[in-house]
Amino acid sequence: MIVYLYDRTFDGILTAVFDAYSRKTFPDVLLGEGEQLPLFCEETHTVITDEAKARRVWKALRKKLSAAALSCLTISYLSELPELDMPLFRYIRKTVDSPRSIETNFADEDVLMVTNTYRKVMHERHRMLQFVRFQKATDGTYFALHEPLYNVIALGISHFKDRFADQPFLIYDKRRDYGYYYDKETLTRVSFAEKLPHFLTGKLNEELMAKDEKLFQELWRTYFKAICIKERMNPRKQKKDMPTRYWKYLTEKQK
Amino acid sequence: MTEQTLEKLRILTESAKYDVSCSSSGTVRSNKQGGVGNTLGGIGICHSFSDDGRCISLLKIMLTNYCIYDCAYCINRRSNDIPRATLSVTELVELTMEFYRRNYIEGLFLSSGVVRNPDYTMERLVRIVKDLRTIHRFNGYIHLKSIPGASRELINEAGRYADRMSVNIEIPNEDSLKRLAPEKDFQSVFQPMKFIQQGVLESSEERKKFRYAPRFVPAGQSTQMIVGATADSDKDILHLSSTLYARPTMRRVYYSGYIAVNTYDKRLPVLKQPPLVRENRLYQADWLLRFYQFKVDEIVNDAHPDLDLEIDPKLSWALRHPECFPVDINKADYEMILRIPGVGVKSARLIVSSRRFGRLTSYHLKKMGVVMKKAKYFITCGELEARGVNELRPERVRELLLPAPKKKTDDRQLSFQFPDEP
């Protein structure tokens, strides 16, 4: 079994493809650096991520794949799933070897896997647009904590920037410990070393809340209760469309 | 904004909740300089899901629940003794803006009970959407109910600010409508629909000539029918829907299972539970009309005036037409592949684009997300065949596909009769 070790970046995978072609040995497994090697491992190669090599592979891909398929590759990588590494690697390899694009051949397991992962990531992005809830702080900043399954904050942030162009806001990914702050002009990627309590609970303290914030939260909860038709209760469907893992930070589900 | 608003919000939401429509789709519009909000188009965004599983996309609320009409099926009819309230324009506008800024909602769904006369009510609704758009520069989604019987001028003005407008038919048959809602007739419903349609067509004509001509109700119109309040069959309902869909601006017809809100009214049937299964089947049939290229006569006709409640309408059609099957996955047209039970729009597209590269087998279909449990009776893909619908006969396939009846108790469990303790 041939194992390639890489630094778990997208450029790393592209460099791995470059190395594989120049060494003429193709890996059976891709692993992150420092991970446990499989039991029967004949050969390991450590990929040193090199932007120039990665760019050359990308250039080759651009010749064959459509723009949609290219973004499918990069976006699926945001899932951060370790089991995606090999399908992604083989997808790129097949594209390089094939005379025409294989991007619509969904009978191919790797293409299907990458496309389905892309769908899942985009779905998670959509859920970010759905379930982010802002709380207004005393200084007028709207604060939201979010915990998406995949690394989608960067994908969804442009939507918020367009929509709330005239309000400063902060959306913070608790799991990956970074977020974006918008000051009515530019978006800045931020990450806080010191954790204030609302970065852990997602709830602003009362002294940090703007004057009417509590009332509007109460109004929203009232609305949420009133809109339900008792004769049609269907908690199963509610949980299917709004999985419980999001409830932690939803205003309407707080007490 | 006070505690009183809280109570008003509760009352007016409970009055508005029986309106089904809550979609925020159909318009793509990015934010403007100095404005708040955009609309996404595509499938829209549902921000929450209430305990009954329905999505909350828009702030669905009535301006007032006072009403001069006395429609038998409506909770807000004037003879009902319920708490009544009216929101002021500033309250409603502030609620919408503040909810929107916190990402609770996609926009506003505004309707109203009829006070004084239709035009007076419509004028007040128009004033609110105008305020939102021009003073507060709200650029999010607005769905406005058009009041039956409102005049053309008001609808023309409303259409410039709203994304979608709707007039509810409620009862799919004019005689029943007159019986249940003496103040309404089909004319009062279809007239505003026609006004909206004309407005949209005129504006699209103008936009061909002038690029910045104002848009008119860009997301089209929708309507709603109550299911189960009258004796109308699914055939009547779906035929009406299909004629409506043939019109250029009708985007959605919603079906609302009748909920017995006014149990004392003898004109209405007594239902223990809202007809949720029937409602679901109607939606499935509606999808067949809109996305699966079915004609309404294929789904319901004189021989089958009602939808089968046990199996979905697509499977039901397939079982009535075994001569169309089996379908060869590797050769058949897209239209025919769409008709296989267990194959949806997504997997049909995957099949059509993948088979250019090589033969597809049932293994591939399964991976692509085809429900093989259903589809296996209706397809052939060059493998050793399982027995299909023609060999097994449709009746047998139907039996096989019916969901297994739920066992209430485990019959392997022994039970003992204990004498009652003294």
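**Exercise 1. The contact of the two chains**

Determine how many residues of chain B and of chain A take part in the contact, and which elements of chain B contribute.

*Solution.* Step 1: 45 residues from chain B and 40 residues from chain A form the contact, where two residues are in contact if their C-beta atoms, placed from the backbone, lie within 7 Å. This is a predicted model, in which local features need pLDDT of at least 70 and side-chain atom pairs count only at pLDDT 80 or more, while totals for chains, interfaces and linings use all residues. Residues are numbered from 1 along each chain as its sequence is written, and chains are lettered from A and ligands numbered from 1 in the order in which they are written.

Step 2: On the side of chain B that touches chain A, two or more residues come from each of helix H1 (3–16), strand E3 (48–49), strand E4 (55–56), helix H2 (89–101), helix H12 (345–354) and helix H13 (362–368) of chain B. Helices (H or I, at least four residues) and strands (E, at least two) are DSSP runs, numbered from the N terminus.

Step 3: H1(B) gives the largest share of this side, six residues. By class, the side of chain B that touches chain A has 19 nonpolar, 16 polar and 10 charged residues. Here Ala, Val, Leu, Ile, Met, Phe, Trp, Tyr, Cys and Pro count as nonpolar, Asp, Glu, Lys and Arg as charged, and the others, Gly among them, as polar.

**Exercise 2. The domains of chain A**

State where the two domains of chain A lie in the sequence and how many residues of each are in contact.

*Solution.* Step 1: Domain 1 of chain A covers 2–124 and domain 2 covers 132–253, with bounds that come from an automatic or database domain assignment.

Step 2: The C-alpha centres of domain 1 and domain 2 of chain A are 34 Å apart. Six residues of domain 1 of chain A are in contact with six residues of domain 2 of chain A. On the side of domain 1 that touches domain 2, three residues are nonpolar, one is polar and two are charged.

Step 3: For chain A as a whole, the secondary structure comes to nine helices and eight strands, and the C-alpha trace spans about 65 × 45 × 40 Å along its principal axes. Of its 255 residues, 35% count as buried; a residue is buried if 20 or more other C-beta atoms lie within 10 Å of its own, exposed if 12 or fewer, and partly exposed in between, with C-beta atoms placed from the backbone.

**Exercise 3. The helices of chain B**

Describe the packing of H7(B) and H8(B), then test the length of H6(B) against its number of residues.

*Solution.* Step 1: Chain B has 16 helices and 12 strands. Two packed helices are described by the angle between their axes and the distance between the axes.

Step 2: Helix H7 (residues 234–246) and helix H8 (residues 276–291) of chain B pack at an angle of about 35°, and their axes are 11 Å apart. Axes are lines fitted to C-alpha atoms, for helices over the stretch in contact, and angles run from 0 to 180 degrees between N-to-C directions.

Step 3: Residues in this contact include B:Ile237 and B:Leu238 of H7(B) and B:Leu282 and B:Leu289 of H8(B). The residues of the contact divide into six nonpolar, two polar and three charged.

Step 4: Helix H6 (residues 186–209) of chain B has 24 residues, so at 1.5 Å a residue the expected span is 34 Å, and the 35 Å between its end C-alpha atoms agrees. The expected span is 1.5 Å times one less than the number of residues.

Step 5: Among the buried residues of H6(B) are B:Val189, B:Phe195 and B:Ile196. The cover over the buried residues of H6(B) includes helix H4 (152–161), strand E8 (164–166) and strand E9 (221–227) of chain B.

**Exercise 4. Backbone details**

Is A:Lys184 buried or exposed, and is B:Glu170 buried or exposed?

*Solution.* Step 1: Most residues other than glycine have a negative phi, and most peptide bonds are trans.

Step 2: A:Lys184 has a positive phi, near 75°, and sits in the loop between strand E7 (178–182) and strand E8 (187–190) of chain A. A:Lys184 counts as exposed because 12 C-beta neighbours lie inside 10 Å.

Step 3: B:Glu170 also has a positive phi, near 65°, and lies in the loop between E8 and helix H5 (174–180) of chain B. B:Glu170 is buried, because 22 other C-beta atoms lie within 10 Å.

Step 4: The peptide bond from B:Phe325 to B:Pro326 is cis, with omega near 0°. B:Pro326 is placed in the loop between helix H10 (313–320) and strand E11 (327–328) of chain B.
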